[in-house]
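I opened this notebook to record, entry by entry, what I looked up in the structure and what I found there.

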Amino acid sequence: MAGAGMHPYHQQWVPPPAPAVAPPVPVDTPNRPPADEIRTVFITGLPGDVKERELHNLLRWLPGFEASQINFKAEQPMGFALFSTAQHAMAAKDALQDLEFDVETKSALHTEMAKKNLFVKRGVASESSSIDQSKRLRTGGDYTHAGYAAPPFHPQPTPVWGNPGGYIAPHPPPPYDPYGGYQVPQVAMTTPPPLPASSRYAPVQNNKDNPPCNTLFIGNLGENVNEEEVRGLFSVQPGFKQMKILRQERNTVCFIEFEDLNSATTVHQNLQGAVLTSSGRGGMRIQFSKNPFGRRKDFINGAASEPNGAPTYQQ
């Protein structure tokens with residue numbers, strides 16, 4: 001019978017039963033090692049003045065390396081190296097055993113598996129300046145829990161461990177070639193041709209000459225004749241040896257020595273009457289000198305006593 005104050009056709013409302021909650025499904029994460037798996041290597045035998053950076057640079061090439069730290073509280077520094085898996089830690093332990101860490105102090109490393117894993121604090125963007133920098137933790141670059149994007153991945157070269165005595169570095173890169181990416185044509189370097197003889201000649205009266213010798217006397221030169229022009233004309237001739245210009249009060253003369261008589265005779269014939277631009281007196285007169293270079297000759301005021309006597313000076 002309905003209760004007092006309740007309509008006989010009204011029933012008391014009963015809330016529906018709550019839906020059954022499915023049990024959580026375990027998610028298998030193959031990259032995450034078990035919590036109790038020892039992945040840390042304990043390292044001794046380090047020199048007393050070892051730096052965190054030195055140990056880190058040694059370990060960073062090992063597969064699976066994550067972080068390293070050195071404890072300086074004991075008499076000798078003690079190192080700890082954390083790896084991603086126990087297999088990587090065991091491989092690193094074997095590779096580092098008896099490794100000569102410092103050549104000067106002959107320090108050899110001794111390794112064993114640590115009793116517990118090295119704790120790595122995640123999510124710290126920067127280190128406080130009040131923390132002792134000698135005890136800071138050096139990681140292998142895990143940005144999983146940090147608030148920054150990971151830098152681009154650059155694969156490291158695979159280390160080659162030839163023996164426990166040391167690390168074998170890879171071959172050095174080839175030398176840098178700034179023109180490696182460009183097609184550079186080969187340019188042939190040609191030797192400039194010798195200065196040709198004067199293309200202008202003038203008739204010269206040469207009625208009086210001396211017996212042939214290896215030294216030529218050059219006359220009919222102007223006071224302002226250019227020595228370089230004279231040298232450029234005769235120095236390219238076969239057998240040329242040396243030249244001397246004497247500037248006198250009234251005229252300028254030149255003496256040229258050749259290796260032999262044949263060379264001097266050829267120039268005597270081929271360049272007779274050649275016109276020098278800087279001379280201003282027409283064609284030059286070429287004669288054989290009375291005395292070759294080096295012969296003793298009387299001088300008056302620094303000039304030869306004969307008009308075409310060769311100058312005398314130490315050769």
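The entries below go from the chain as a whole to a sheet, its helices, the cores and two backbone angles.

**Entry 1, the whole chain.** I note at the outset that this is a predicted model. I looked up the secondary structure of the protein chain and found four helices and 15 strands. Of its 315 residues, 30% count as buried, and the accessible surface comes to about 22200 Å², of which 54% belongs to carbon and sulfur atoms. I also checked how far apart in sequence the contacting residues are: among contacts with a separation of 6 or more, 63% are between residues 24 or more positions apart.

**Entry 2, the sheet.** I then followed an open sheet of four strands, which has the order β11-β12-β10-β13 and antiparallel pairing. Which strands stand at its edges? They are β11 (240-247) and β13 (285-288), and because each has a single partner strand, one side of each is left without a neighbour in the sheet. From one strand to the next, the twist averages 20°.

Going through the pairs, I found that β11 and β12 run antiparallel and are joined by seven bridges, with R247 having T252 of β12 as its bridge partner. These two strands, β11 and β12, form a hairpin with four residues between them. On the other side of the record, β10 (residues 215-221) pairs with β13 in the antiparallel sense over four bridges, and the bridge partner of L216 is F288 in β13.

**Entry 3, helices on the sheet.** I next asked which strands the helices lie across. Helix α3 (residues 227-234) lies across β10, β11, β12 (252-258) and β13, and runs at about 155° to β11. Helix α4 (residues 261-270) lies across β10, β12 and β13, running at about 155° to β13.

**Entry 4, the cores.** The largest nonpolar core has 21 residues, and those with the most contacts inside it are L216, I218, V230, F234, C254, I256 and M284. Two or more residues each are given to this core by β10, α3, β11, β12, α4 and β13. I picked out F234 and, leaving aside residues up to four places away in sequence, found that it touches I218, F240, I256, V267, L271, M284 and I286. Another core, of 18 residues, lies apart from the one just described and has L55, F65, F83 and F101 among its members.

**Entry 5, helix α1.** Since L55 had come up in that other core, I looked at helix α1 (residues 52-59), where E52, L55, H56, L58 and L59 are buried. Seen down the axis of α1, these buried residues fall within an arc of 160°, so they line one face of the helix. This fits the general rule that an α-helix has 3.6 residues a turn, so that residues three or four places apart point the same way.

**Entry 6, positive phi.** Most residues other than glycine have a negative phi, and I therefore noted the exceptions below. D98, in the loop between α2 (86-96) and β4 (100-102), has a phi near 65°, a positive value in a residue other than glycine. K106, in the loop between β4 and β5 (107-108), is not a glycine either and has a positive phi of about 55°. Are these residues buried or exposed? At 44% relative accessibility D98 counts as partly exposed, whereas K106, at 59%, counts as exposed.

Methods. Residues numbered from 1 in each chain as written. Predicted model: local features only at pLDDT ≥ 70, side-chain atom pairs only at ≥ 80, totals over all residues. Heavy atoms only, no water. Buried < 20%, exposed > 50% of the residue type's maximum accessible area, 1.4 Å probe, protein only. Contact = heavy atoms within 4.5 Å. Areas by Shrake-Rupley, 256 points an atom, 1.4 Å probe, with all protein chains shown as cover. Arc of directions from axis to C-beta. Pairing = 2+ DSSP bridges. Axes fitted to C-alpha atoms, helices over the stretch in contact; angles between N-to-C directions. Core = buried A, V, L, I, M, F, W, Y, C linked by side-chain atoms within 4.5 Å.
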